[in-house]
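Me: I'd like to learn how to read pockets in a protein model. Can you walk me through it?

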Amino acid sequence: MIGRVGRKGISLVSELGELTLFSASSLGSLFLQRHYFEKLVRSIYEIGVRCIPITLIVGLFTGLVLGLQLYYVLTKFSSESLLGQAVALSIIMEIGPVFTAIMIVGQAGSALSAEIGIQRNAEQIDALKTMRINPLAFLVSPRLYAALICFPILTAMFDIVGIFGGHLTGVSMLGVDEGAYWNRIYESVSITNVRDGFLKALTFGLLTTSICAFQGYFTHTKASIPGARGVSQTTTRAVVLSSIAILASDYLLTSFLLEK
Amino acid sequence: MSEAFLEIRGLSKRFGDQVILDAIDMDIPLESHTTVIGKSGIGKSVLLKCLSGLMTPESGTVRFSHSNQAVPQCAYMFQQNALFDSLTVFENVALPLREKERISKVALAEKVNDLLEQLELVDAASKYPAEISGGMQKRVALARALITSPEIILFDEPTTGLDPQRKFGVFDMIRDYRKRFGFTVLMVSHDVPEVFGITDQVAWLDAGRIAYWGPPQPLMESPPPELEGFLKPTLSTESSAV
């Protein structure tokens, strides 16, 4: 029993080490290759532009529900006027970065993991090596940098639409004073809150894209079955591990940022 | 036979306790065609992967002599071609040059189009690999291998999954282009005895060692006793088919 726990622990630490090296090598290799700007733009389109609709839809509904829930909670304390502040701070500091990251993982992260996994199975990664092209630079690094650019931008979009969603429920449907809603946001949301939200988005972008690419890249060693089922296994694992990483790092970052 | 272009000395590779290659020695002459044959899972592809750098051998040396370049250009053709699905035929062929060489767009296009013309692929240039036949995909993979003007091409079972007619088509293609472009071929193949028609020498890999090394004719006429078991099923199938 103790031996098994120990082995699992060592394997976990070793995998974390591999993941760190993988991410660092990928980050360091973007500018060592040719045509990196073109690859970066394509990756921004894949990770960023394609995720805009889902981010806006989820942001809107999150804001609508949050406005509704918080309105009924605040009514109990006769504090409906605080609705704008509650909605904005919840979204900017917590819900925006977390939900956006989970949405991007579902849409772009799973696709990234599956694509690289299939490329591994089809020997395309080996083909790159035989052509003396660095596979990490070619396949992974543009995606990592694109994630660092896109996650904060999509989070900002989510925040804005979410706050408008809260406005739609609170002000347009439930009769909260519009001036109070916007004024509370203006008074309570500081640049530090926005910065903390973006810091979380950057962290989630780096973590989730690394995990998804890592799982796909090593599908031949990580999956228990080779071939298509192996790719399906590592893609599922990529999404699950990314979601856990988002929530775990969110807790750590929140603890750290609130203490400051 | 001319002097060795590729010298392999004491090449060994093991997976765990299993010895796959046991101190392999081989001399591949310049612009020759060498075919490695042997049972499935015996380590033929491992040998190619060790030579191309995809796998690291435990011991041994691989030396290119008489090379025109400081680092000899070595290309690899994979069993399943390993073409990029999201790139067109033109982009696939251009990939190695585009990524590694400082070359203008015009010069790159000229070079790629030239090669596509020589390999009769001009009409397929804007198509994706999934939109062309298996035989054409092989030619695209060969074009991608040839674009960097390699001195040696390693072929890993290039006829896997092809019908007999296409199989001979691929063999003819390799023989013709080798003559035209003047590269050295090291090929792994299961197609015995068909492959004997195009190869200069045969290396029979068995139990991690080269059990036979030499021209294919003696092997066909009077196979050594230890090779009979490997060659006979193929030969008897051939004669019964006739």
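Here is a short chat about the pockets in this structure.

Reply: Quick housekeeping: this is a predicted model, where local features need pLDDT of at least 70 and side-chain atom pairs count only at pLDDT 80 or more, while totals for chains, interfaces and linings use all residues. Residues are numbered from 1 along each chain as its sequence is written, chains are lettered from A in the order in which they are written, and side-chain values use heavy atoms, without hydrogens and water.

Me: What is the volume of the largest pocket?

Reply: Rolling a probe the size of a water molecule over the atoms shows where empty space is left. A pocket is an open set of points on a 1 Å grid over the protein atoms alone where a 1.4 Å probe fits, with protein on both sides within 12 Å along at least five of seven lines. Here the largest has a volume (space filled by probe spheres set on the points) of about 980 Å³. Its lining (residues with an atom within 4 Å of a point) has 42 residues, and the closest to its centre are Lys39(A), Arg42(A), Glu46(A), Ser86(B) and Leu87(B).

Me: Which helix gives the largest share of that lining?

Reply: Helices are DSSP runs (H or I, at least four residues), numbered from the N terminus. α4(A) gives nine residues, the largest share. Chain B helps too: α2 (89-100) and α3 (105-118) each supply at least two residues.

Me: And the second largest pocket, what is its volume?

Reply: About 550 Å³. Leu12(A), Glu15(A), Leu16(A), Leu19(A) and Ile211(A) are the closest to its centre, out of 21 lining residues. α1(A) gives the most, eleven residues.
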